[in-house]
Amino acid sequence: MNIMTIYALGDKKPEIAPTAYVHPQAAVIGDVRIGERVFIAPMVSIRGDRGRIEIGDETNVQDGAVIHSEPSFVTKIGRRVNIGHNATIHAESVEDNAAIGMGAVLMLGSKVAEGVMIANSALLYNKTKTEPNKIYTGVPAKYMRDLDPTSDARRAIDEYLDTYVANTELYRKDLHKIEE
Ligand SMILES: CC(C)(COP(=O)(O)OP(=O)(O)OC[C@H]1O[C@@H](n2cnc3c(N)ncnc32)[C@H](O)[C@@H]1OP(=O)(O)O)[C@@H](O)C(=O)NCCC(=O)NCCS
């Protein structure tokens, strides 16, 4: 069975780099650009029906995450961003090397700076800005501690990102649907 997952909406058609992988059970709609070696897991919704969404190279979007935008801004997600399971992204920007924890919610117009980690289940309130290379936790999200770009914790995030970059090839080559 061929499941269609990439949808044009009027004249707005997703642009997806040839090296990106979008799982057939994800939905990508309308005004969306997806960069090189991006991995989009099953049950992700990236819905560019109200505003444009851009996703930079080597970013991953994990199962159940939702990305939506608004007419008043472009939602820009940078390079090598990790978006954990079930995260909700209604942010204006998520800059390079940021990590969004499982179930985190980035509310309307919020801005995640470079190298920031938003912890599991944290809620970044409307239009909140963060400072680079820091961890934010809680509801509403508050500064917890620094995340040094040269630390072991940062290296572990980078290694984790690399597994998702490798997944783009692995899934294209070796993922086979088992017909009943
Ligand atoms: C925020 C985070 C980095 C903290 O990691 P850590 O330093 O190993 O945390 P610890 O488990 O040692 O806990 C330290 C303290 O922070 C608290 N804490 C940990 N995670 C928290 C969270 N998500 N929200 C609120 N508080 C949190 C702990 O309760 C503990 O508090 P205490 O000192 O009062 O007992 C981690 O919990 C996290 O959210 N990582 C994101 C992982 C992720 O979602 N990756 C996406 C891939 S799926």
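Strand 18 and strand 19 make a hairpin with four residues between them, and G138 in the turn has a positive phi of about 90 degrees. Strands here, like helices, are DSSP runs numbered from the N terminus (E, at least two residues, for a strand; H or I, at least four, for a helix). The model is a predicted one, so local features need pLDDT of at least 70 and side-chain atom pairs count only at pLDDT 80 or more, while totals for chains, interfaces and linings use all residues. Residue numbers start from 1 along each chain, following the sequence as written.

Back to the hairpin. Strand 18 covers residues 134–137 and runs antiparallel to strand 19, with four bridges joining the two; strands count as paired if DSSP finds at least two bridges between them. T137 sits opposite K142 in strand 19. P140 belongs to the loop between these strands, and the peptide bond leading into P140 from V139 is cis, with omega near -10 degrees. Most peptide bonds, by contrast, are trans, and most residues other than glycine have a negative phi.

The hairpin is part of something wider. Eight strands build an open sheet of mixed pairing, in the order 3-5-7-10-13-16-18-19. Strand 3 (21–22) and strand 19 (142–146) are the edge strands, and each has a single partner, so one side of each goes without a neighbour in the sheet. Strand 16 (residues 117–118) pairs with strand 18 in the parallel sense, over two bridges, and M117 has I135 in strand 18 as its bridge partner.

Parallel pairing also turns up around strand 6. Strand 4 (residues 27–34) and strand 6 (residues 45–55) are parallel, with seven bridges between them; V28 is matched with I46 of strand 6. Strand 6 also runs parallel to strand 8 (residues 66–68), through three bridges, and here I46 faces I67 in strand 8. Strand 9 (residues 75–77) is likewise parallel to strand 6, again with three bridges, and E54 stands opposite K76 of strand 9. In general, strands of a sheet pair through backbone hydrogen bonds, either parallel or antiparallel.

R50 is another residue of strand 6. R50 has 14 other C-beta atoms within 10 Å, so it is partly exposed; the scale calls a residue buried at 20 or more other C-beta atoms within 10 Å of its own, exposed at 12 or fewer, and partly exposed in between, with C-beta atoms placed from the backbone. Apart from neighbours within four places in sequence, R50 is in contact with S69, E70 and P71, contact meaning C-beta atoms, placed from the backbone, within 7 Å. From R50 to A104 it is 54 residues in sequence and 22 Å in space, C-alpha to C-alpha.

Now for the inside. The largest nonpolar core holds 44 residues, and I40, I89, V94, I100, L106 and I118 have the most contacts inside it. Such a core is a set of buried Ala, Val, Leu, Ile, Met, Phe, Trp, Tyr and Cys residues joined through C-beta atoms within 7 Å. Strand 4 gives the most to this core, four residues. Leaving out neighbours within four places in sequence, I89 is in contact with A65, V66, I67, T75, I83, V94, I100 and L106.

Two asparagines have an unusual backbone. N97, in the loop between strand 12 (93–94) and strand 13 (99–100), has a positive phi of about 65 degrees although it is not a glycine. N133, in the loop between strand 17 (123–124) and strand 18, also has a positive phi, of about 55 degrees. N97 counts as buried, with 24 C-beta neighbours inside 10 Å, whereas N133, with 18, counts as partly exposed.

As for the ligand, 14 residues surround it, and G84, G101, A119, N120 and T137 come nearest; the cut-off for being near is a C-beta atom, placed from the backbone, within 6 Å. The shell has five nonpolar residues, nine polar and no charged. Ala, Val, Leu, Ile, Met, Phe, Trp, Tyr, Cys and Pro count as nonpolar, Asp, Glu, Lys and Arg as charged, and the others, Gly among them, as polar.

Over the whole protein chain, the secondary structure comes to one helix and 19 strands, and 37% of the 180 residues count as buried. The C-alpha trace spans about 50 × 35 × 25 Å along its principal axes.

Definitions and conventions
Two residues are in contact if their C-beta atoms, placed from the backbone, lie within 7 Å.
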